[in-house]
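Here are some worked exercises to try with the model open in your viewer. Have a go at each task before reading the solution.

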Amino acid sequence: MAEFPELLSHDEMKQHQIPLPYRDRCAKLLVPLNKCRKEGWYMPWNCEHERHEYEACQYKDFKRRVKELEEIKKQRDESN
């Protein structure tokens, strides 16, 4: 996965019943993961591939946000 998946629209998130805290850049990966979880009775050994893709996306998004924050702090320090 090179980049983030395309964003889901608000209506699509609502249709798939994605909770508000999980409506982020990785929400499109959460849809097949939740479907797999429901079909597999939430067994931890099911859906490993889907879970790995979702968690990798979450990590990449976290790293992106940290990098943005560092850039903002750097700009703030340079202006002072």
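**Exercise 1.** Where is Cys 47 found? Then work out whether Cys 47 is buried or exposed, and list what it touches away from its sequence neighbours.

*Solution.* Keep in mind that this is a predicted model.
- Step 1: Cys 47 sits in the loop between α2 (27-39) and α3.
- Step 2: its relative accessible area is 9%. The cut-off for buried is under 20%, so Cys 47 counts as buried.
- Step 3: skip residues up to four places away in sequence, and Cys 47 touches Leu 33, Cys 36 and Arg 37.
- Step 4: for a longer ruler, go from Cys 47 to Glu 71, 24 residues along the chain; their C-alpha atoms are separated by 36 Å.

**Exercise 2.** How many helices and strands does the protein chain have, and which pattern do they follow along the sequence? Then decide whether the chain is more spread out or less spread out than a compact globule.

*Solution.*
- Step 1: count the elements, and you get three helices and zero strands.
- Step 2: reading along the sequence gives α-α-α.
- Step 3: the radius of gyration is 16 Å, while the globule rule gives 12 Å for 80 residues; the chain is well over that, so it is more spread out than a compact globule.
- Step 4: lay the C-alpha atoms along the principal axes and they fill a box of roughly 55 × 30 × 20 Å.
- Step 5: buried residues make up 19% of the 80 residues.
- Step 6: take the contacts with a separation of 6 or more, and 45% of them come from residues 24 or more positions apart.

**Exercise 3.** Find the place of Asp 61, and say which side chain it joins in a polar contact of 2.7 Å.

*Solution.*
- Step 1: Asp 61 belongs to helix α3 (residues 48-79).
- Step 2: with a relative accessible area of 5%, Asp 61 is buried.
- Step 3: the polar contact partner is Arg 64, side chain to side chain, at 2.7 Å.
- Step 4: leave aside neighbours within four places in sequence, and Asp 61 is in contact with Phe 4, Asp 24 and Arg 25.

**Exercise 4.** Which sign does phi have at Gln 17 and at Trp 41? Place both residues and classify their exposure.

*Solution.*
- Step 1: Gln 17 has a positive phi of about 55°, although it isn't a glycine.
- Step 2: Gln 17 lies in the loop between α1 and α2, and its relative accessible area of 63% makes it exposed.
- Step 3: Trp 41 also has a positive phi, near 60°, and it too is a residue other than glycine.
- Step 4: Trp 41 is in the loop between α2 and α3, and counts as exposed at 69% relative accessibility.

**Exercise 5.** How far apart are the C-alpha atoms of Gln 15 and Glu 78? Then, what separates the mean positions of the positive and negative charges?

*Solution.*
- Step 1: start at Gln 15, in helix α1 (residues 10-15); Gln 15 is exposed, at 60% relative accessible area.
- Step 2: Glu 78 is 63 residues away along the chain, and the two C-alpha atoms are separated by 45 Å.
- Step 3: average the places of the 16 positive and the 16 negative charges, and the two mean positions are 3 Å apart.
- Step 4: finish with the surface, where about 6,600 Å² is accessible and 53% of that belongs to carbon and sulfur atoms.

Terms used. Residues are numbered from 1 along each chain as its sequence is written. This is a predicted model: local features need pLDDT of at least 70, side-chain atom pairs count only at pLDDT 80 or more; totals for chains, interfaces and linings use all residues. Side-chain values use heavy atoms; hydrogens and water are left out. Helices (H or I, at least four residues) and strands (E, at least two) are DSSP runs, numbered from the N terminus. The radius of gyration is taken over C-alpha atoms; the globule rule is 2.2 Å times the number of residues to the power 0.38. Buried means under 20% relative accessible area, exposed over 50%, partly exposed in between (1.4 Å probe, protein chains only). Contact means heavy atoms within 4.5 Å. Accessible areas come from the Shrake-Rupley method with a 1.4 Å probe; for residues, only the protein chains shown count as cover. Lys and Arg count as positive and Asp and Glu as negative; His and the chain ends are not counted. The place of a charge is taken as NZ of Lys, CZ of Arg, CG of Asp or CD of Glu. A polar contact is a pair of N or O atoms within 3.5 Å; within protein, one must be able to donate a hydrogen and the other to accept it, and residues adjacent in sequence count only if both atoms are side-chain atoms.
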